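Below are some notes on the backbone and helix packing, set out as numbered points. Please read them alongside the sequence and the coordinates.

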Amino acid sequence: MIPVVGTLIVNEIKWLKRQINSVDYPVENYIIINNSAGELNDELDKLVDDNWSHKYIKNLKVYHMPYNIGCAGGWNMIIKSFMHAPYWIIINHDCSFGSGFLEEMNNEAQDKEVGLVFGNGGDFGLGSFDLFLIKDWVVQSHGYFDENLYPCYGEDSDYIMRLHIKPVKTVLNLQSKYYHGEGTMGDGTDHDYYETGMNTKKYSPELYEKLSYSNDKNFEYLFKKWGPGWRTVAPWKHPFNIDGLDIRASIVDIEFCKDKHLGF
């Protein structure tokens, strides 16, 4: 049985409904972080009620955030909420599982040396964080996700820098397929995230503009944290080029996050 699957949502519950319906392997805890600041409360409560007897999900719960805590913050909350779990599967709300995908992911995780499992290799063959499995010992050695990269975009790149500096055994390109938006992902080939993904950003012109701004600011932060080579996965050896600083370290900058707040 899979210990934990977690997802975050801001809008478009249709994708999450598809995701829940696609679960075909036993999951003990399925957690939904509602980042919509109240907009989706009723719909998500109904979704949980409608699936209380889901064939494969033992405990399905939604947690309503008073405001949008961001992607990294939500991922960290999933991990912290079930800190005794040996691993966590984290999935974008607009993704869903293909037949046998969860079972294959769980099977790959039984190798004690494997630290992360990805559905596909992504643009650079380093893992696509739209759907991934991460072990507890990787979080211990590499840290939580950097919440300065609020509200979203860049949290995956930041973690890739840490994994480049301190590599772990990783599984890429599972044989089973999964879906992101309207796209079919898998086989290490069809992973055009920019075409089929980022559905939260595409939801409204206003939200698109705000998230584009935060994306640019987060890229500036990554340059400061990892140096000019981060875009080609050639980061500084230590965060912020501070000799001896642990790769798990980040400098909390609340003013930086305030500047990128979405208003909800």
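1. This is a predicted model. A convenient place to start is the end of helix 8, which is followed by Gly-227. The phi of Gly-227 is positive, near 90°.

2. Helix 8 covers residues 205–226. Its 22 residues should span 32 Å at 1.5 Å a residue, and the end C-alpha atoms lie 31 Å apart, so the expected and modelled values agree.

3. Which residues of helix 8 are buried? They are Leu-207, Leu-211, Ser-212, Ser-214, Asn-215, Lys-217, Asn-218, Tyr-221, Leu-222, Lys-225 and Trp-226. The packing partners of these buried residues are helix 6 and helix 9, the latter being residues 254–258.

4. Helix 6 (residues 155–165) deserves a point of its own. The axes of helix 6 and helix 8 come within 11 Å and cross at roughly 20°. Because angles under 35 degrees count as roughly parallel, helix 6 is described as roughly parallel to helix 8. The crossing is right-handed.

5. On the helix 6 side, the contact is made by Ser-157, Asp-158, Met-161, Arg-162 and Ile-165. Helix 8 contributes Leu-222, Lys-225 and Trp-226. By class, the residues of this contact divide into four nonpolar, one polar and three charged. Leu-222, Lys-225 and Trp-226 are also listed among the buried residues of helix 8.

6. Ahead of helix 6 there is a cis peptide bond, from Tyr-150 to Pro-151, with omega near -5°. Pro-151 belongs to the loop that joins helix 5 (136–142) to helix 6.

7. Two residues in the loop between helix 8 and helix 9 should be checked for their backbone angles. One is Val-233, which is located in that loop and has a positive phi of about 55° although it is not a glycine. Val-233 has a relative accessible area of 19% and is therefore buried, the cut-off being under 20%.

8. The other is Asn-241, also found in the loop between helix 8 and helix 9. Phi of Asn-241 is near 55°, again a positive value in a residue other than glycine. Is Asn-241 buried or partly exposed? Its relative accessibility is 48%, so Asn-241 counts as partly exposed.

Conventions:
Residues numbered from 1 in each chain as written. Predicted model: local features only at pLDDT ≥ 70, side-chain atom pairs only at ≥ 80, totals over all residues. Heavy atoms only, no water. Axes fitted to C-alpha atoms, helices over the stretch in contact; angles between N-to-C directions. Helix = DSSP H or I, 4+ residues; strand = E, 2+ residues; numbered from the N terminus. Parallel < 35°, antiparallel > 145°, perpendicular 65-115°, else oblique. Left-handed = near helix turned anticlockwise from the far one by under 90°. Contact = heavy atoms within 4.5 Å. Nonpolar A, V, L, I, M, F, W, Y, C, P; charged D, E, K, R; others polar. Expected span 1.5 Å × (residues − 1). Buried < 20%, exposed > 50% of the residue type's maximum accessible area, 1.4 Å probe, protein only.
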